[in-house]
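Biologist: I should like to learn how to read a structural model. May we go through one together, feature by feature?

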There are 2 protein chains.
Amino acid sequence: MDVYIAGVGMTKFGKSKEPLEKMMAEAASLALKEAQLERVDAVYTGVMNVEEFVGDSNFATLLVDTLGLVGVPSTRVETASSTGAGAFEAAFYAVASGHMKHVLVLAGEKMTHLPTAKTTRILSEVIDRSERRYGVTMPALAAMIAQKYAREFNLSQLKLEDILAQVAIKNHTNGYLNPYAQFRKIITKEEYLKSQMVSYPLRLYDCAPITDGASAIVLTSQPTAIKVSGIGHATDTSAVTHRISFTSFDSTKEAAHKAYAMAQLDPSDIQFAEVHDAFTPFEIIGTEDLGFFSGGEGWKALEEGITQLRGRLPINPSGGLKARGHPVGASGLAQLVEIVYQLEGQAGPERQLGRAEIGLAHSIGGLGNNNLVTILERTDRKRISKANTPPFGQAWNSEDQCGTSAPKKSAPSPPLMGVGTLEAFTTLYAVPEGFRSPLTLGFVKTEKGEVVMACNPDYRSPKELKMGKKVSLKTREGLYVFEKLTWWNRLKDWLIK
Amino acid sequence: MDVYIAGVGMTKFGKSKEPLEKMMAEAASLALKEAQLERVDAVYTGVMNVEEFVGDSNFATLLVDTLGLVGVPSTRVETASSTGAGAFEAAFYAVASGHMKHVLVLAGEKMTHLPTAKTTRILSEVIDRSERRYGVTMPALAAMIAQKYAREFNLSQLKLEDILAQVAIKNHTNGYLNPYAQFRKIITKEEYLKSQMVSYPLRLYDCAPITDGASAIVLTSQPTAIKVSGIGHATDTSAVTHRISFTSFDSTKEAAHKAYAMAQLDPSDIQFAEVHDAFTPFEIIGTEDLGFFSGGEGWKALEEGITQLRGRLPINPSGGLKARGHPVGASGLAQLVEIVYQLEGQAGPERQLGRAEIGLAHSIGGLGNNNLVTILERTDRKRISKANTPPFGQAWNSEDQCGTSAPKKSAPSPPLMGVGTLEAFTTLYAVPEGFRSPLTLGFVKTEKGEVVMACNPDYRSPKELKMGKKVSLKTREGLYVFEKLTWWNRLKDWLIK
């Protein structure tokens, strides 16, 4: 059974004094009003970690009570930071099954009331335990991925910095035009460069903020102006270091593959997209993984202005997670609300896109390991028959690149003491509760060819570290430790032996 | 599209040294083996509170990685203590939609490694904030509900004690025969009476234990020997004191109504059931709410032996949550695994039921506010046409009793200082972190007819308290406080004024 959008709503994102359930009720009432419904057959609620952010369990029940919908079935859904999209997917199947006519999807998170180190600790729990114990955070992992991207595609540190700044500037410009955005402020390259280093080379302006907010969508089996054309969902290894590639996400590629297949579309059909930019490098990588641009070409499209609001393929017209804000459970659904605003022509004169008949939302769960891609389409859009064209665009060869069914690397073997290659590194300044700042971390390739997470005992800024260089690698208290390969360090190791 | 069971599996319930994901992988591999599948289209995972029990977020991803199913879409579902049934429902819709062929449902929880007061605090977070701040726990609420039941149906305290003991004895006897059960021990009335008081009148043997365990089911769109005939899901007020009735759960009635309607069956068709007996009084109430017996008659059926393993309508042949154990996220799915064992004739010679063609599972989320009812049926069962019979059994009049769409009471109005009626009370000995033991709590009806939660400042056992008696009611530090209505207390109040 086909599934349609009957109504959408969201709160302004930012800092809120309201309890989470009240914010979610505000978003819900807007969506129900647009849908002209007072009651629904079920509620699906996306919240990532209400247990630790607000100290509640059984939140799905609290929510229907707050909404005045006592009695209605209510289910909480969670897929880490893609939770809003995950709740939408679960609700989609409920309606598609024919068992439910009208379903309310709600997503939200309340985060700004806690100290940053506590929020950082809670957010870090999405990271695999084997990596989390190093004190690594989401920005630190994203920083190392950015470093790898630069190295893989021969971008200098200066060039990388410039590209990331351009993502931030573009999304802040879009956010400036979005009344729902947390940051409604245009930023300059100078301001970007002055912003605080969070985890080298990522600055504050490279990272989505800590945000309160809620979003809501009503799904229905009754035809409306907007249809859900495709949904895809895929996972990847829990530990980032267990992957073959660090500069693209298999989970995005596989989810996109499924969404395009369900929609019978290819990347060239998409007119605009909301791409998960929790960290600026992820927008570049996302546009490549979604098949809009070839691998290593996403940054060129950005430089050419293609992804700007008035470009050929606008990316994050809402301002993205970067400027609209990132209440972790809500973002995946807020992206879809933005797509609906655009498809309905309700995005306001400054932000409304000219071509808005088909849009895509891409949401990342965890560090790229629980991702969803959703395609929404106007029902009055004319489809051109594609019977004789290949199912996917040139830029994106799903057979070659889609590695989710390919064998993954196994967990690294026990301790060693030797030499490795520094694949990527970062110095993390915003550390989780219980860790000392700054903290230098790296991906190190062992002599056996495995990549492991490792920390550097030198708490000063590691100016002398370089990617691709050999480092000493040993274990200390069950953690891998890497150091610059000096004669002095080699002698120390020899003496300890 | 119809949905069938392709395979089931579970771990032995009890204390486990294995990490949660390993326990869940063990259950999954049994279910996948029975289904003869190596890969599925999606995984739906039910865990209630991994964030606080084991300190992980993004658990759905960790699980597919542990299972060797990297790439497969993975979604976590949660509906408080009915989570296992909630995950099953979400997976059911995914298959019923026609978008997925084979889906793995997994449910589990790891709880025994934490101190009891911490576990109690975590479990109490499912209770509405307005009630939780009194220090009330799930056993304390269940105790007051038991008291109300006794009062409503004119049972003496001694009679109530005898009935609850019979539930515990029956379920322990069934658990003795179940190799997966945490407690494989027959208990006597004497042992029951000797067991520690948790929250008067509920003893340790009235409460499901703290348990580690996991369960798994593979759903498929390809016909097998067992079909999912009906699923119903409903909610109730977050706060227990906001309800009209305390001796039946509207959420069970409404969920049962929906499940029977989908299955086109009525209560008299059900041959055996797994009923959520986290607390012994809930089994009695459950058998009434499900329409097996009239309101206030459930305890008589128990006394007559109808619900015993060899009775006319066996309830909890597995031993129930009481004896099999209650890993909160897993129980709702473990009930369904037991139904499948029985329908397959795989329950072992001692526990196997003679008539096992159609079974029902009833799972309570929170304190009766997020409940699910699921009906499984052998596909070779002959259906008798019921075109001319009413849709529901005599014992259960859904129109009169099903109050979920009836207006609910609003939250109680601000503080007062006056006299109320003690509707139910309990003395809680196992208090959550941060509260003093013992703690006496009550439901007090105000002069305006509202029921509020209130605490008693007398920390000794309140032998002088009686249900139905007038008590003084006032507010202190934002909490309602009740005391015996003595001249001395009245004088104190007058002096304070």
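Modeller: The following dialogue takes up confidence, overall form, symmetry and then some individual residues. Please bear in mind throughout that this is a predicted model.

Biologist: Where should one begin with a predicted model; what is the mean pLDDT of chain A?

Modeller: One begins with the confidence of the predictor. For chain A the mean pLDDT is 91, and 92% of the residues reach 70 or more. Residues 387–413 of chain A, however, have a pLDDT below 50. This stretch still makes 54 contacts in the model beyond near neighbours in sequence. Where pLDDT is low, the predicted coordinates should not be read in detail. For the complex, the predictor gives an ipTM of 0.92 and a pTM of 0.92.

Biologist: How does one describe the fold as a whole, and how many helices and strands are there in chain A?

Modeller: Chain A contains 16 helices and 16 strands. Its radius of gyration is 22 Å, close to the 23 Å that the globule rule gives for 497 residues, so chain A is as compact as a globular protein of that length. Along the principal axes, the C-alpha atoms of chain A fill a box of roughly 75 × 55 × 45 Å. Of the 497 residues in chain A, 65% are buried. If one takes the contacts in chain A between residues at least 6 apart in sequence, 76% of them join residues at least 24 apart.

Biologist: There is also a chain B. Which rotation superposes chain A on chain B?

Modeller: Two copies of a chain are related by a rotation about an axis and a shift along it. In this model, a rotation of 180° with 0.0 Å of shift along its axis superposes chain A on chain B, with an RMSD of 0.0 Å. The two copies are thus related as by a two-fold rotation axis. The same surface serves both copies, since 100% of the contact residues of chain A recur in chain B.

Biologist: Which residue of chain A comes closest to the rotation axis?

Modeller: That residue is Ser97(A), whose C-alpha is at 1.8 Å from the axis.

Biologist: How should I read a single helix, for example helix 1 of chain A?

Modeller: An α-helix has 3.6 residues a turn, so residues three or four places apart point the same way. Helix 1 of chain A covers residues 20–35, which is 16 residues. From first to last C-alpha it reaches 23 Å, close to the 22 Å expected at 1.5 Å a residue. Its buried residues include Leu20(A), Met24(A), Ala28(A), Ala31(A) and Ala35(A). Gln36(A) follows helix 1 of chain A and has a positive phi, near 55°.

Biologist: What surrounds a buried residue, such as Met23(B) in helix 1 of chain B?

Modeller: Met23(B) counts as buried because its relative accessibility is 3%. Setting aside residues up to four places away in sequence, Met23(B) touches Thr11(B), Ser16(B), Glu18(B), Glu109(B), Asp212(B), Gly213(B) and Ala214(B).

Biologist: Is a residue in a loop buried or exposed, if we take Asn316(A)?

Modeller: Asn316(A) lies in the loop between helix 12 (298–303) and helix 13 (320–324) of chain A. At 0% relative accessibility, Asn316(A) counts as buried. Leaving aside neighbours within four places in sequence, its contacts include Lys170(A), Asn174(A), Asp277(A) and Glu283(A).

Biologist: Which residues other than glycine have a positive phi in chain B?

Modeller: Among them are Asn58(B), with a phi of about 60°, and Asn154(B), with a phi near 55°. Asn58(B) is in the loop between helix 2 (50–53) and helix 3 (59–66) of chain B, and counts as buried at 4% relative accessibility. Asn154(B) is in the loop between helix 7 (138–152) and helix 8 (157–176) of chain B, and counts as exposed at 69% relative accessibility.

Biologist: Where are cis peptide bonds to be found in chain A?

Modeller: One of them runs from Tyr200(A) to Pro201(A), with omega near 5°. Pro201(A) lies in the loop between strand 5 (197–199) and strand 6 (202–203) of chain A. Another cis bond runs from Ser437(A) to Pro438(A), with omega near -10°. Pro438(A) lies in the loop between strand 12 (418–428) and strand 13 (439–445) of chain A.

Biologist: Finally, how many disulfides does the structure hold?

Modeller: The structure holds 0 disulfides over all chains. As for individual cysteines, Cys207(A) is buried, with a relative accessible area of 8%, and Cys455(B) is buried, with a relative accessible area of 12%.

Terms used:
Residues are numbered from 1 along each chain as its sequence is written. Chains are lettered from A and ligands numbered from 1 in the order in which they are written. This is a predicted model: local features need pLDDT of at least 70, side-chain atom pairs count only at pLDDT 80 or more; totals for chains, interfaces and linings use all residues. Side-chain values use heavy atoms; hydrogens and water are left out. Copies are superposed by least squares on the C-alpha atoms of residues with pLDDT of at least 70 in both. Contact means heavy atoms within 4.5 Å. pLDDT is the predictor's confidence in each residue, from 0 to 100. Helices (H or I, at least four residues) and strands (E, at least two) are DSSP runs, numbered from the N terminus. The expected span of a helix is 1.5 Å times one less than its number of residues. Buried means under 20% relative accessible area, exposed over 50%, partly exposed in between (1.4 Å probe, protein chains only). A disulfide is a pair of cysteine sulfur atoms within 2.5 Å. The radius of gyration is taken over C-alpha atoms; the globule rule is 2.2 Å times the number of residues to the power 0.38.
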